[in-house]
Each structure stands twice: as structure tokens, then as C-alpha cells.
Amino acid sequence: MGDAIADVLNWLDSRSDIQSLRAAVCDLNGIMRGKRIPVEQARKALEGKLRMPFSLIGLDIWGEDIEGNAQVFSTGDADGLCHWTGRGILPVNWTAHPTALLPLWLADEVGAPYLGDPRRALARILDRYAALGLTPVAATELEFYLVDPTSQRPVGPVSPVTGRRLDSDAALSIDEIDDFEAFVHDVYEACRMQGIPVDTAIAENGVGQFEINLNHVPDALRAADDAVLFKRTVKGIARKHGFAACFMAKPYGERAGNGFHVHFSVVDKQGRNIFDDGSDQGSETMRHAVGGLLAAMAESTLVFAPHFNSYRRLRPRSYAPTAVAWGYENRMVAIRIPGGPSAARRIEHRVSGADANPYLVLAAILGAALMGIEKQLSPGEPTGGEGQGLTLAKLPPDWASAIAAFETGPRVAEIFPAVLRDAFIACKRQELNTFALNVSDFEIETYLESV
């Protein structure tokens, strides 16, 4: 990695306008946490000499320590070593002064990977594929809303062109894309600078809702990196243009939610897609992968829907799944097999919301698919439509049920290391308890004098 470190330092030398860096790791909620460091400390960070507490990974959504967290109280809140992920320096131009992000992940004192780090969890799954001579090829689709940052509740942004506030759905509207061209252009330019492979952009179903797709890459760890960096970039560029970017699963109760769909295939050492057998149905191996995805889906739902708000998205007739089902060219089910040339045969996983942690999502999906391939699990028959009249297993209907399913799930235990599972469960339980203590205005209005 010596040459790569030299390249980063040379790049920084050429950028005298950059005086500070952001050295950060990704926590279990997908939030980047770390330090602002002077540019003179870049070598220290690149060489793995920067330290941050292990507990940083498991903070709750408000940035609070988890009550009773062993990483805090039994170890004295010990530090871990921050290793550079190897991703090149990532320039940031939407802050008051130019800076750059240095992405890190955690290791222990002897340099061994810290398995509570979500990026490490995905790397661990990819090592298992590599041992079999297989490589997942992944792409992601992320939806988000632009909203007015001056409003306490989400409302559509004001069009920079017409001066009118958006107040209606505009699915696939070219005019809406054109109205926000300056924002979209800056997102694409920032992604180009960071090596994020953006593809198409569309106006989605909701007011001020957009979807930007990222291209397939033969490195699922990089695909997850790209998704994390993309969300951060969109939020930063939105602020630059006077908007707020919202990746909540369901910011509007009556409008479309924000999904995070993952497409993937698997290639062997010869570069052949093992899901392709020349047919429209895909290979037996592909169906085994689907079988694994279905088998692990209910107990993995907490990964795909990790927040209180997430369960507002998972509703019938909403293009967000509620049942454990699969089908061909069917967007109403959790696992879709898209059509097209057989050489591009792939699986689309449609459960996750845009509020989820991309590292955990890809680890859960690829881990379950590998389990299905290794155990030759059958997916059963494909489902047409929403599967009316069929008896289908359901996803957990609420946050508490999802936490319980994740905690006791035997398949989840095969995918994620115990230290990560324990931290994730503790984090979600603390967040659930915090929400339970807060009574909403709507509850007060409904019950104050009527019951």
C-alpha cells in the first residue's frame, strides 16, 4: 500500500487549498463518525496510527453511548486502530472550505480486523465467496427526497426555475429533472471526483423525489462504499443548493417511500455469470441463491428496515414488499428477477429502505445468497402480482418484532459475527425504548380528552 499512500500524499501536496481532512469510520447506522484532522496528519492516518474508540461503531442514532455496552464499560472505552480502507482520497467541495474524506475501518491492537465494524462484516462475506473462486457483481439504486430545509415537517422544495413549490407527484418527469439540473449536475460532478459510478437519474413518484442509480461493479465492498459516499454527497450538494436531502424510508405518510434496491450477479474465475444458463429462467444456482435470500429474509429485516420510520414503508400495494416471495419481472415481491439478455441474468433485492446501512445490507444479501448456494436451498414457485390468495410468509410487521427475529435468527448468526449482532441489537433496543418514551402530537390530539 506504500505506493497508494504516496499517491494520496502527492495529491494533497498539489492541493494547497485543502488544510484539513475528515478521517471517519462508518457506524452501524450508516453514519460517518470521526475527526477533523490537519492535513499534516494525513500520513499518520494513512499508515494506521490514528486511534478511535471501538464504541464509536455502536452509538445510537442520536450519537449516544449504548447503556451497558461492553465496549464502553468493561473495557474502559478502549481505542482501536483506524486502518485506511485503500479508497483514494475523496475531495469534498460543498463545505465552507475545501476538504477531503479519508475512509477508515477499525482494527484491534495487533492489527486484526475488528468484526464489529460493518464494513468488516461485508468483507468477511466476500472472503467466503473468494475462497470458492466467486466474485459478486453489485449495483445499487437509491431514492431520496429534496425538501425545504426551513420547514419543521417535510414539504416539497421550491423549483429553482419556476419559483413554485412542488406539490404533486411527477414520476419520470423530464421537466422536473430539468428544473433541478444545477443540483443534479453538481451531484454527478462530485461523484466523478470521488470515483462513484453514477448512472441514470429520474424523477420518482413522490413530490421532489429522485432516484439515481449506480453502475454495476465487480467489487461489492466498493459498491457499498459508493452507496455510503453517494448519500453523503447528495446531502452535501443539497445543502449547497438550499435544499435538504432526505433518505428516510417514509418521510410522507401518504406518498412513496425511499427504497434501496440492490442488483447482483456472481461470476466465476473465468468471468462467467453463474446465474446464466442461457434460459429466461436463470440457472439452478440462481434459484438456490434466491432460496437462501428467502430463508434469511424475515430474520434479516432489521438490517433492511433498521429504524422506527422504516416500517411505515413496508405496506401492501406500495411497491415495498411485506411478504417473503420472489418472481420474474415482478416489482410487487421482495426478490425480482429482471428480464433482458440471459448474459445479464441477475437478482434484484427490493426490501431495503434508503435509511439502511449499505455495508450491512450487502452483507445480509450476499451472505444469504451464498448460504442458499452452498446448501442448495429451493425458493419454491415464483409469485405473480402480489400473490393474492397464496399463503406466504410475512416480514416482521414492526420494529420490535424485527429486533426479536434478528436476535434469535439462526441464519443471521451464520452471516454476522456475534460482536456485531450484539451491538446492533443493543443499539436498536435503546432506540426503540427512546421512541416509546416520546408521545407524538397526534397521539395527544387524538386521546387527550376523548378516552
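The following legends describe close-up views of a predicted model.

**View 1. The nonpolar core and the surroundings of phenylalanine 183.**
The largest nonpolar core comprises 129 residues. Within this core, the residues with the most contacts are Phe183, Phe230, Phe264, Ile335, Ile347, Leu362 and Phe416. Helix α10 (residues 358-375) supplies the largest share of the core, 13 residues. Apart from its neighbours within four places in sequence, phenylalanine 183 is in contact with Phe144, Leu146, Val234, Ile237, Ala238, His241 and Phe243.

**View 2. Helix α11 and its buried side.**
Helix α11 spans residues 399-408, and its buried residues are Trp399, Ala402, Ile403 and Phe406. These residues lie on the same side of α11, because they cover an arc of only 100° around the axis. The elements that cover the buried residues of α11 include α8 (284-304), α9 (310-313), α12 (410-415) and α13 (418-436). At the N-terminal end of α11, aspartate 398 acts as a cap, with a side-chain oxygen 3.3 Å from the backbone nitrogen of alanine 400.

**View 3. The largest pocket.**
The volume of the largest pocket is about 1,700 Å³. Its lining consists of 46 residues, and those nearest the centre of the pocket are Met248, His307, Phe308, Asn309 and Phe435. Two or more lining residues are given by each of α7 (220-240), β10 (244-246), α9, α13 and α14 (441-447). The largest share of the lining, 5 residues, belongs to α7.

**View 4. Histidine 307, in the loop between α8 and α9.**
Histidine 307 is located in the loop that joins α8 and α9, and it is one of the residues nearest the centre of the largest pocket. With a relative accessibility of 13%, histidine 307 falls under the 20% limit and therefore counts as buried. Its side chain reaches the backbone oxygen of aspartate 355 at 3.3 Å. Leaving aside neighbours within four places in sequence, the contacts of histidine 307 are Asn29, Ile61, Asp355, Trp399, Lys428 and Glu431. Among them, Trp399 also belongs to the buried residues of helix α11.

**View 5. Asparagine 29, in the loop between β1 and β2.**
Asparagine 29 occupies the loop between β1 and β2 (32-38). The residue is buried, its relative accessible area being 7%. A polar contact of 2.7 Å joins the side chain of asparagine 29 to the side chain of lysine 428. Beyond its neighbours within four places in sequence, asparagine 29 is in contact with Leu59, Asp60, Ile61, His307, Asn357, Cys427, Lys428 and Glu431. Ile61, Lys428 and Glu431 are also among the contacts of histidine 307.

**View 6. Tryptophan 326, in strand β12.**
Tryptophan 326 lies in strand β12, which covers residues 326-328. Its relative accessible area is 2%, and tryptophan 326 is therefore buried. The side chain of tryptophan 326 reaches the backbone oxygen of glycine 380 at 3.3 Å. Apart from neighbours within four places in sequence, its contacts are Arg287, Val290, Leu294, Val333, Ile335, Ile337, Pro379, Gly380, Glu381, Pro382 and Thr383. One of these residues, Ile335, is listed with those having the most contacts inside the largest nonpolar core. The C-alpha atoms of tryptophan 326 and leucine 81 are separated by 42 Å, with their positions 245 residues apart along the chain.

**View 7. The largest cavity.**
The structure contains 3 cavities of 30 Å³ or more. The largest cavity encloses about 110 Å³ of space. It is lined by 15 residues, of which Met32, Pro103, Arg119, Asp225 and Tyr359 are the closest to its centre. The elements β1 (20-26), β6 (99-107) and α7 each give two or more residues to this lining. Helix α7 also contributes to the lining of the largest pocket.

**View 8. Two partly exposed helix residues, alanine 4 and glutamate 181.**
Alanine 4 is part of helix α1 (residues 2-13). Its relative accessible area of 29% makes alanine 4 partly exposed. Between the C-alpha atoms of alanine 4 and glutamate 211, 207 residues apart along the chain, the separation is 33 Å. Glutamate 181 belongs to helix α6 (residues 181-194). The relative accessibility of glutamate 181 is 38%, so this residue counts as partly exposed. Glutamate 181 and glycine 340 are 159 residues apart in sequence, and their C-alpha atoms are 30 Å apart in space.

Terms used. Residues are numbered from 1 along each chain as its sequence is written. This is a predicted model: local features need pLDDT of at least 70, side-chain atom pairs count only at pLDDT 80 or more; totals for chains, interfaces and linings use all residues. Side-chain values use heavy atoms; hydrogens and water are left out. Helices (H or I, at least four residues) and strands (E, at least two) are DSSP runs, numbered from the N terminus. Buried means under 20% relative accessible area, exposed over 50%, partly exposed in between (1.4 Å probe, protein chains only). The arc is that of the directions from the helix axis to the C-beta atoms. Contact means heavy atoms within 4.5 Å. A polar contact is a pair of N or O atoms within 3.5 Å; within protein, one must be able to donate a hydrogen and the other to accept it, and residues adjacent in sequence count only if both atoms are side-chain atoms. A nonpolar core is a set of buried Ala, Val, Leu, Ile, Met, Phe, Trp, Tyr and Cys residues joined through side-chain atoms within 4.5 Å. On a 1 Å grid over the protein atoms alone, a cavity is a set of points where a 1.4 Å probe fits but cannot get out, and a pocket is an open set with protein on both sides within 12 Å along at least five of seven lines; lining residues have an atom within 4 Å of a point. Grid points are joined across faces, edges and corners, and a volume is the space filled by probe spheres set on the points.
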